[in-house]
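Good morning, colleagues. Please have the sequence and the model open before you while I take you through a few of the elements.

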Amino acid sequence: GMKSDRPTWINHLQRQFVEDLRQDIDPTIKLKEAYVQMESGQVSSEELAIRTTLNKAPKDYANDTYQKILAKQTNADEGDVLKYYKSNTKGKAHSNPVFISRSKYLEMLKTTFFDQLKVLGYDFLRDVVGTKNLADF
């Protein structure tokens with residue numbers, strides 16, 4: 001779950017998840033709280049920022065990649081660290097937090113914890129989202 005290409009929000013939740021398991025606390029409680037906070041826009045943009053390093057010159061990336069798009073937005077070059085947010089814009093990322101897509105972060109929450117919860121006998125949709133129907137998600 002803990003990865004460098006994830007925002008602080010997800011990495012914090014992953015640490016909390018492990019700690020809850022160690023303490024024999026239901027791990028879905030904090031995940032449900034996080035889901036509701038994200039859904040209602042209560043998570044700060046700083047917690048949602050993702051950082052990545054440009055491994056090559058921006059011109060060497062394909063036109064529709066988020067690296068090239070972000071490099072153009074921020075005037076970055078090879079070796080620079082980019083700070084970006086998941087969005088619904090071209091490239092699916094933007095340097096401006098105004099374009100944050102909460103649904104993309106909710107999907108990231110799901111992909112991070114779905115299998116971990118399943119192994120423990122929980123169901124992400126039922127126990128975190130509060131629905132039994134994937135179409136409701």
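Which residues of helix 4 are buried? They are Gln 67, Ile 69, Leu 70 and Ala 71. I should state at once that this is a predicted model. The buried residues of helix 4 have strand 2 and strand 3 as their packing partners.

That brings me to the sheet. It is open and has three strands in the order 1-2-3, with antiparallel pairing. Strand 1 and strand 3, the latter at residues 93-94, are at the edges and have a single partner strand each, so one side of each has no neighbour in the sheet. Between strand 1 and strand 2, which are antiparallel, there are four bridges. Within this pairing, Thr 52 is placed opposite Leu 82 of strand 2. Helix 4, comprising residues 66-74, packs on the sheet and touches strand 1, strand 2 and strand 3. Its direction makes an angle of about 110° with that of strand 2.

Let me turn to helix 5. This helix covers residues 102-119, 18 residues in total. From its first C-alpha to its last it reaches 26 Å, close to the 26 Å expected at 1.5 Å a residue. Where is the kink in helix 5 centred? It is centred on Phe 113 and amounts to about 40°. Phe 113 is also one of the buried residues of helix 5, a list that further includes Tyr 105, Leu 106, Met 108 and Lys 110. The buried residues of this helix pack against helix 1, helix 2, helix 3 and helix 6, and also against strand 1 and strand 2. With respect to the sheet, helix 5 lies across strand 1 and strand 2, and runs at about 95° to strand 2.

Finally, I come to backbone conformation. Just after helix 5, Gly 121 adopts a positive phi of about 90°. Most residues other than glycine have a negative phi. Two residues deserve mention in that light. Asn 75, just after helix 4, takes a positive phi of about 60°, although it is not a glycine. Asn 75 belongs to the loop between helix 4 and strand 2, and counts as exposed at 73% relative accessibility. Lys 92, likewise not a glycine, has a positive phi of about 65°. Lys 92 lies in the loop between strand 2 and strand 3. Is Lys 92 buried or exposed? Its relative accessible area is 52%, and the cut-off for exposed is over 50%, so Lys 92 is exposed.

Methods
Residues numbered from 1 in each chain as written. Predicted model: local features only at pLDDT ≥ 70, side-chain atom pairs only at ≥ 80, totals over all residues. Heavy atoms only, no water. Helix = DSSP H or I, 4+ residues; strand = E, 2+ residues; numbered from the N terminus. Expected span 1.5 Å × (residues − 1). Bend = angle between axes of the 7 residues up to and from the residue. Buried < 20%, exposed > 50% of the residue type's maximum accessible area, 1.4 Å probe, protein only. Contact = heavy atoms within 4.5 Å. Pairing = 2+ DSSP bridges. Axes fitted to C-alpha atoms, helices over the stretch in contact; angles between N-to-C directions.
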